[in-house]
Amino acid sequence: MSDKRKKLQVSALKNGTVLDHIPSEHTFHVIKILGLENSKNPIYIGNHLESNKLGRKGIIKISDKYFAKDEINKISLVAPKATLIEIKDYEVISKTQVEIPEHIEKIVKCFNPKCVTNNQNVETKFTVITDHHGRMKLKCHYCEKTMAKENIEFL
Ligand SMILES: [Zn+2]
């Protein structure tokens, strides 16, 4: 895609954030985990757009909103190749690729019903690991159970 057309994709926002390069099948999942369905800010959602990197991608633009670290960590678990573009006064002030952190705290529920975090007032804590198939997994700090991506439930 030409630079000119690329620019047009983000130019509609005066202030806010563009989340680009979301795998198409996860665009609405990202909206859900960020609670954007309930947001009163103007949101533009594009899905199944052409992408050199992903084949088809989703893009979310949200006005007057900048994501906090916890929210970016959530995005990274669902869309690890997403690009986060922050805009102020029509200018791109930062463009970063989300990164899966080494540790995840609070934002994810442990899938083990017997885990202390599900039975007492203890906040969840996980280490991000990669199994021998190269798949990302979360290992609970307390019960040491390992959870696959499909079992991740956000708090
Ligand atoms: Zn646990």
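Which residues does His48 touch, not counting residues up to four places away in sequence? Select His48 and find out: Ser24, Arg56 and Lys57, where touching, or contact, means heavy atoms within 4.5 Å.

Before going further, some ground rules. This is a predicted model, in which local features need pLDDT of at least 70 and side-chain atom pairs count only at pLDDT 80 or more, while totals for chains, interfaces and linings use all residues. Numbering starts from 1 along each chain as its sequence is written, and side-chain values use heavy atoms, with hydrogens and water left out.

**Stop 1: the whole chain**

Zoom out and colour by secondary structure. You should find four helices and 11 strands; these are DSSP runs numbered from the N terminus, with helices being H or I of at least four residues and strands E of at least two. Along the principal axes, the C-alpha atoms fill a box of roughly 55 × 35 × 25 Å. Of the 155 residues, 41% count as buried. Buried here is under 20% relative accessible area, exposed is over 50%, and partly exposed is in between, with a 1.4 Å probe and protein chains only. Among contacts with a separation of 6 or more, 55% are between residues 24 or more positions apart.

**Stop 2: two domains**

Now colour 3–97 and 103–154 separately: those are domain 1 and domain 2, with bounds from an automatic or database domain assignment. Their C-alpha centres lie 26 Å apart. At the junction, eight residues of domain 1 are in contact with seven of domain 2. The area buried between the two domains is about 700 Å², and carbon and sulfur atoms give 77% of that; buried area is the accessible area (1.4 Å probe) that two parts lose on being put together, summed over both. On the domain 1 side, select Asp70, Lys74 and Leu77: these lose the most area to domain 2, together 71% of what that side buries.

**Stop 3: the largest core**

Show side chains for Leu19, Phe67, Val108 and Leu138. They have the most contacts inside the largest nonpolar core, a set of 31 residues. A nonpolar core means buried Ala, Val, Leu, Ile, Met, Phe, Trp, Tyr and Cys residues joined through side-chain atoms within 4.5 Å. To see what feeds it, highlight strand E1 (16–23), helix H2 (27–33), strand E3 (55–63), helix H3 (69–78), strand E8 (125–130) and strand E9 (136–140), the elements that give two or more residues each. H3 provides the largest share, four residues. Both domain 1 (3–97) and domain 2 (103–154) give residues to this core, so it lies between them.

Centre on Phe67 next. Leaving out residues up to four places away in sequence, Phe67 touches Thr17, Leu19, Leu34, Leu36, Ile62, Ile72, Ile75, Leu84 and Glu86. There is also a second, separate core of five residues, including Leu13, Val18, Ile59 and Ile85.

**Stop 4: helix H3 and the loop after it**

Select H3 on its own. How many of its 10 residues are buried? Eight are, so the helix is mostly covered: Glu71, Ile72, Asn73, Lys74, Ile75, Ser76, Leu77 and Val78.

Then step to Pro80, in the loop between H3 and strand E4 (83–88). Pro80 is partly exposed, at 31% relative accessible area. Beyond its neighbours up to four places away in sequence, Pro80 touches Ile75, Gln97, Val98, Ile100 and Lys149.

**Stop 5: Ser63 and a charge over a ring**

Jump to Ser63 in strand E3. Buried or exposed? Ser63 is buried, with a relative accessible area of 11%. Aside from neighbours within four places in sequence, Ser63 is in contact with Leu13, Asn15, Gly16, Asn41, Pro42 and Tyr44.

Next, pick Tyr66 and Lys88. Lys88 lies over the face of Tyr66, 5.2 Å from the ring centre; the criterion is NZ of Lys or CZ of Arg within 6 Å of the ring centre and within 35 degrees of the ring normal.

**Stop 6: two positive phi angles**

Most residues other than glycine have a negative phi. Return to His48 in strand E2 (residues 43–51), where phi is near 60°, a positive value in a non-glycine residue. Finish at Lys106, which has a positive phi of about 70°. Lys106 sits in the loop between strand E6 (103–105) and strand E7 (108–109) and counts as partly exposed at 41% relative accessibility.
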